Amino acid sequence: MKKFLNEVIYIIKDFPKEQRYVVGDRIERTAIDSLHIIARVYMGKDLKMRIADIVELQSNLELLNTLIEIAGEHQWIKGRCKLANLLLLMDSVGRQSTAWKGSLIEALKRSESERSQC
């Protein structure tokens, strides 16, 4: 996500002025919010809360994917290589979040089964 944000910061500068402050700002803010969510999930103790945070992260990722695709369709992102790189980074973060969510759900199931055995 950090890599994605670093790329986005420079790419947004090339957006048309009227879109830089609407779409570009939303992409940047959502990426920053996503970093904050990742920190919450990483540092959290309550499994249910961490899973809810991962769901929020995945929602942010869907929004980012859509905004990046729209920017690509309107050619606000200069160069196919930059667009492809952003989409690959988003795919990577999405896969990691899905795996993380799966492991948290498994941990929650183990925790609940241990409680029910007592």
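Visitor: Which residues in H1 meet which residues in H2?

Guide: In this predicted model, Lys-2, Phe-4, Leu-5, Val-8, Ile-9 and Ile-12 of H1 meet Arg-20, Gly-24, Ile-27, Glu-28, Ala-31, Ile-32 and Leu-35 of H2. The residues of this contact divide into 9 nonpolar, 1 polar and 3 charged.

Visitor: What makes Gly-24 the polar residue of that contact, and what makes Lys-2 a charged one?

Guide: Glycine is counted among the polar residues, and Lys among the charged ones, by the classification applied. Gly-24 in H2 and Lys-2 in H1 are both part of the contact, and the division lists 1 polar and 3 charged residues.

Visitor: Why is H1 called roughly antiparallel to H2?

Guide: Helix H1 (residues 2–12) and helix H2 (residues 17–43) pack at an angle of about 165°, with their axes 10 Å apart. Angles over 145 degrees count as roughly antiparallel, and H1 is therefore roughly antiparallel to H2. The crossing of the two helices is left-handed.

Visitor: Why is Asp-25 called partly exposed?

Guide: Asp-25, which lies in helix H2, has a relative accessible area of 26%. Partly exposed residues fall between the limits of 20% and 50%, so Asp-25 belongs to that class. Its C-alpha atom is separated by 9.6 Å from that of Ile-9, 16 residues apart along the chain.

Visitor: Why does Ser-97 count as buried?

Guide: The relative accessibility of Ser-97 is 2%. Buried means under 20%, so Ser-97 counts as buried. Ser-97 is found in helix H4 (residues 80–117). Leaving aside residues up to four places away in sequence, Ser-97 touches Ile-54, Leu-57, Gln-58 and Leu-61.

Conventions
Residues are numbered from 1 along each chain as its sequence is written. This is a predicted model: local features need pLDDT of at least 70, side-chain atom pairs count only at pLDDT 80 or more; totals for chains, interfaces and linings use all residues. Side-chain values use heavy atoms; hydrogens and water are left out. Axes are lines fitted to C-alpha atoms, for helices over the stretch in contact, and angles run from 0 to 180 degrees between N-to-C directions. Helices (H or I, at least four residues) and strands (E, at least two) are DSSP runs, numbered from the N terminus. Angles under 35 degrees count as roughly parallel, over 145 as roughly antiparallel, 65 to 115 as roughly perpendicular and the rest as oblique. A crossing is left-handed if the near helix is turned anticlockwise from the far one by less than a right angle, and right-handed if clockwise. Contact means heavy atoms within 4.5 Å. Buried means under 20% relative accessible area, exposed over 50%, partly exposed in between (1.4 Å probe, protein chains only).
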